[in-house]
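The exercises below are meant to be worked through with the sequence and the model side by side. Each task is followed by a solution that goes step by step.

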Amino acid sequence: MTTFTAINLVKRPAGGPITKELFEIVEKEMPTVGEGQFLVKQNHMSLDPAMFGWMSPDTNSYIPPVELGSVMRSSGIGEIVESNHPKFNVGDRVMGMMGWQQYFLSDGQGLNKVEAPLPDEAILSVFALPGITASQGYFNVGKPKKGETIIVTGAAGSVGSIVGQLAKADGLHVIGVVGNDEKADWIVNTLGFDAAINYKTDDLDAQLAKAAPNGIDMFFENTAGPIQSLIVDRMNAHGRVMVCGLIADYSKEVPSPGPSWVSVLKRRLTIQGFTMPDHYAQVPELIGKLTPYVMAGKVKHRSHVLEGLESAIEGLNLFFTGANKGKLIVKL
Ligand SMILES: NC(=O)c1ccc[n+]([C@@H]2O[C@H](COP(=O)([O-])OP(=O)(O)OC[C@H]3O[C@@H](n4cnc5c(N)ncnc54)[C@H](OP(=O)(O)O)[C@@H]3O)[C@@H](O)[C@H]2O)c1
């Protein structure tokens, strides 16, 4: 009997680091490929902070939790190794939600062919969730104008780094908030941000004043944390806050208090949360907006690749420690 490895979620995290006890590593029998089906060998999986939400018991979110005892949810890229499907052939590269497993049996629903002649890492780092999220938040929610000031938290991350580079290319003044000096150096000296603030240092308000002498028009929020309210207090009239992620709160039972509503009122701010499942129909349009920037060499990325399916488990903790340098990917 030929088998493959999969990882099931068996317990929900209760705060603190992600550990092996939450998962069960199982050997599954290789499926028979029926009529209208094909078998994908997954080669690269994306790890995403959204997984913390998917593992939680919260049923009142934008997507249902992963059921206990089932394969952990994730997106990835693989190659078709067997096919009885008229539209998908052996050798085709496909992308979609395949979960934490080496092989995936599909009827084609939810999987898309990857035609671009780019490595899997580049697709997952730019043209998959990071790029479409950055484009939706920056263009459609933020409605940027040349000359404005934007601040991006999680600025060296996969989403934040793309947002900052789009804004720089559009002629905005771009400030990034990061958690260490290496990331501060990377976003300024490699990506071209105008300024970086390390949120783990002192005098954040003084640093904000220096980096944003004309106030802040757009705030692309990926993290939450104490700098959030300081940023909102420095926003200009009719500023826009794009609430993309709040990673500092993902493992807390009680989220941090939000910014002052007095600032929201006085500056007539628009605050909008968004999650990508609402916008999957717009993916072609979002990729269409992003692609010219990438083609012009204005969007650089870095991928942080872990080796082997099981590395996904403890790899998730890198999001919380900030030890991920760029898009977290697991190579199978
Ligand atoms: N709305 C959507 O549809 C959508 C889609 C994709 C992603 N997201 C969200 O976007 C955010 C970024 O995602 P990503 O995939 O690009 O991850 P990422 O930024 O590559 O990685 C997460 C980063 O968050 C920072 N971080 C961790 N704990 C923090 C804390 N307590 N305070 C401040 N920063 C902290 C760390 O960077 P430092 O070293 O700089 O601290 C870490 O590297 C996440 O919140 C994610 O949930 C939302």
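**Exercise 1.** Find the element in which Phe4 is placed, decide whether Phe4 is buried or exposed, and list the residues with which Phe4 is in contact.

*Solution.* In this predicted model, Phe4 has its place in strand 1, which covers residues 3-9. The next step is its accessibility: the relative value for Phe4 is 5%, and since buried means under 20% relative accessible area, Phe4 counts as buried. Once neighbours within four places in sequence are left aside, Phe4 is in contact with Val26, Glu27, Lys28, Glu29, Met30 and Pro31, and also with Gln101, Gln102 and Tyr103. As a last step, take Ala155, which is 151 residues from Phe4 along the chain; the C-alpha atoms of these two residues are separated by 37 Å.

**Exercise 2.** Describe the overall make-up and dimensions of the protein, and explain why its radius of gyration agrees with that of a compact globule.

*Solution.* Begin with the elements, of which the protein has 11 helices and 16 strands. For the dimensions, the C-alpha trace spans about 65 × 45 × 35 Å along the principal axes. The protein has 332 residues, for which a compact globule would have a radius of gyration near 20 Å, and because the protein has 21 Å, the two values agree. Turning to the interior, 47% of the 332 residues count as buried, while the accessible surface comes to about 15300 Å², with 54% of that area belonging to carbon and sulfur atoms. Among contacts with a separation of 6 or more, 66% are accounted for by residues 24 or more positions apart. Finally, a count of charged side chains gives 29 positive and 34 negative, and the centres of the two sets lie 8 Å apart.

**Exercise 3.** State which residues UniProt lists for the domain "Enoyl reductase (ER)", and describe the chain over that range.

*Solution.* The UniProt record, an unreviewed entry, lists residues 16-330 for this domain. Over residues 16-330 the chain is 30% helix and 26% strand, and the C-alpha atoms at the two ends of the range are 22 Å apart.

**Exercise 4.** Work out why helix 2 and helix 3 can each be described as largely enclosed by the rest of the structure.

*Solution.* Take helix 2 to begin with, which runs over residues 120-127: because 7 of its 8 residues are buried, helix 2 is largely enclosed by the rest of the structure. Its buried residues are Asp120, Ala122, Ile123, Leu124, Ser125, Val126 and Phe127. Helix 3, at residues 129-141, has 11 buried residues out of 13, so helix 3 is likewise largely enclosed. The buried residues of helix 3 include Pro130, Gly131, Ile132, Tyr138, Phe139 and Val141.

**Exercise 5.** Compare the backbone and the surroundings of Lys143 and Arg268, giving the phi value for each.

*Solution.* Lys143 is found in the loop between helix 3 and strand 9, and just after helix 3 it takes a positive phi of about 45°, although Lys143 is not a glycine. With 54% relative accessibility, Lys143 counts as exposed. Arg268 lies in the loop between helix 8 and strand 14 and has a positive phi of about 50°, although it is not a glycine either. The relative accessible area of Arg268 is 46%, and Arg268 is partly exposed.

**Exercise 6.** Locate Asp249 and Leu316, and determine which residues each of them touches.

*Solution.* Asp249 has its place in the loop between strand 13 and helix 8, and with a relative accessible area of 13% it is buried. Not counting residues up to four places away in sequence, Asp249 touches Thr223, Ala224, Pro255 and Ser256. Leu316 is found in the loop between helix 10 and helix 11, and its relative accessible area is 0%, so Leu316 is buried. With residues up to four places away again not counted, Leu316 touches Ile18, Leu47, Asp48, Met51, Phe52, Met55 and Trp100.

**Exercise 7.** Find the element that holds Glu285, and give the separation between the C-alpha atoms of Glu285 and Ser135.

*Solution.* Glu285 has its place in helix 9, at residues 283-295, and is partly exposed, with a relative accessible area of 37%. Although Glu285 and Ser135 are 150 residues apart along the chain, their C-alpha atoms are separated by 9.5 Å.

Definitions and conventions: Residues numbered from 1 in each chain as written. Predicted model: local features only at pLDDT ≥ 70, side-chain atom pairs only at ≥ 80, totals over all residues. Heavy atoms only, no water. Helix = DSSP H or I, 4+ residues; strand = E, 2+ residues; numbered from the N terminus. Rg over C-alpha atoms; globule rule 2.2 N^0.38 Å. Buried < 20%, exposed > 50% of the residue type's maximum accessible area, 1.4 Å probe, protein only. Contact = heavy atoms within 4.5 Å. Areas by Shrake-Rupley, 256 points an atom, 1.4 Å probe, with all protein chains shown as cover. Lys, Arg positive; Asp, Glu negative; His and termini not counted. Charge placed at Lys NZ, Arg CZ, Asp CG, Glu CD. UniProt positions renumbered as here; feature names shortened; annotations may be inferred.
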